[in-house]
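This report examines one protein model together with its bound ligand. Please keep the sequence and the structure in view while reading.

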Amino acid sequence: MITVSAFKWVPPFAQGLVRDLRVRWALEEAGLPYQARLIDGDVQRSADYRMQQPFGQVPVFEEDGLSLFESGAILVHLALKSDVLLPTDEVGRARALSWLFAALNSLEIHIQQLAEIDLFVPDAQWAKLHRPDVVARIHQRLGELATWLKDRQYLEDRFTVGDLMMTTVLRILRHTDVLDAHPSLKAYKERCEARPAFQRALAAQLEAFEQHERRKG
Ligand SMILES: N[C@@H](CCC(=O)N[C@@H](CS)C(=O)NCC(=O)O)C(=O)O
């Protein structure tokens, strides 16, 4: 059975954004059953977990003795198993993987900076000074992405793992109104989020947090 590590609980600002969501979504799209291994800070810091994830983060993916970390690498691994996530032709595969890396390397690096400023150090002087530049860079990138997307439904001619990753990256902006300035991208994100596989993945992540809260009373 495939196992994915995820947190037992995170604060509300992170619920629905934790990066095991990407892996759960890909597994749901691919129709591969899995179980979550819910971890806490003690496990994160343990030597055994660090053997699987050197930075102590989630997600870790395990199947039949194979242990993988980094959500991007895990998604590539899963996409290669499923033609829902990747087309079967070589060009289509390469294009979809380009978008997966673009989401991580051209968008997420800027979007994550904004999330870290707003959610972790909103009152720091350096953060107040730096924030406008970060927001400007994100708008630039989103504008460029919207220009590419034009009236397409997806980044290429069908849904792929590239859309899956891009959607999870755009979701990180949910605490801001940044996406409102890019209505076609907002609609694109919502189109991808409407997929039943996404809904199941999100519900599964949130259900773990709700169970934890119920147990704590
Ligand atoms: N580049 C990693 C990032 C993973 C990551 O940032 N995980 C967060 C949750 S979304 C985490 O485990 N944070 C706890 C920590 O860094 O200690 C990936 O994509 O898998």
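The sections below take up the annotated domains, the ligand site and two points of backbone geometry.

## Basis and annotated domains

The model is predicted. Two domain annotations come from an unreviewed UniProt entry. The record gives "domain: GST N-terminal" for residues 7-86 and "domain: GST C-terminal" for residues 89-217.

In the model, residues 7-86 are 39% helix and 19% strand, and the C-alpha atoms at the two ends of this span are 28 Å apart. Residues 89-217 are 76% helix and 0% strand, with 52 Å between the end C-alpha atoms.

## Ligand site

The ligand sits in the largest pocket. Its surroundings are formed by F7, V18, R19, R22, Q44, Q57, V58, P59, E70 and S71. By class, this shell comprises four nonpolar, three polar and three charged residues.

Three polar contacts can be described in detail. Two involve glutamine side chains: a polar side-chain atom of Q44 is 3.1 Å from an oxygen atom of the ligand, and an N or O atom in the side chain of Q57 is 3.0 Å from a ligand oxygen atom. At V58 the backbone takes part, with an N or O atom 2.9 Å from a nitrogen atom of the ligand. On its own the ligand has 510 Å² of accessible area, of which the protein covers 70%.

## Backbone geometry

Which peptide bond is cis, with omega of about 5°? The bond in question joins V58 and P59. Both of these residues also belong to the ligand's surroundings, and V58 supplies the backbone atom that lies 2.9 Å from the ligand nitrogen. P59 is placed in the loop between α3 (47-52) and β3 (60-63).

A further point concerns D64, which is not a glycine yet has a positive phi of about 45°. D64 is located in the loop between β3 and β4 (66-69). Both features merit mention because most residues other than glycine have a negative phi, and most peptide bonds are trans.

Definitions and conventions:
Residues are numbered from 1 along each chain as its sequence is written. This is a predicted model: local features need pLDDT of at least 70, side-chain atom pairs count only at pLDDT 80 or more; totals for chains, interfaces and linings use all residues. Side-chain values use heavy atoms; hydrogens and water are left out. A residue is near a molecule or strand if one of its heavy atoms lies within 4 Å of it. A polar contact is a pair of N or O atoms within 3.5 Å; within protein, one must be able to donate a hydrogen and the other to accept it, and residues adjacent in sequence count only if both atoms are side-chain atoms. Accessible areas come from the Shrake-Rupley method with a 1.4 Å probe; for residues, only the protein chains shown count as cover. On a 1 Å grid over the protein atoms alone, a cavity is a set of points where a 1.4 Å probe fits but cannot get out, and a pocket is an open set with protein on both sides within 12 Å along at least five of seven lines; lining residues have an atom within 4 Å of a point. A molecule sits in a cavity or pocket if more than half of its atoms lie within 2 Å of its grid points. Ala, Val, Leu, Ile, Met, Phe, Trp, Tyr, Cys and Pro count as nonpolar, Asp, Glu, Lys and Arg as charged, and the others, Gly among them, as polar. UniProt positions are given in the numbering used here, feature names are shortened, and annotations may be inferred rather than shown by experiment. Helices (H or I, at least four residues) and strands (E, at least two) are DSSP runs, numbered from the N terminus.
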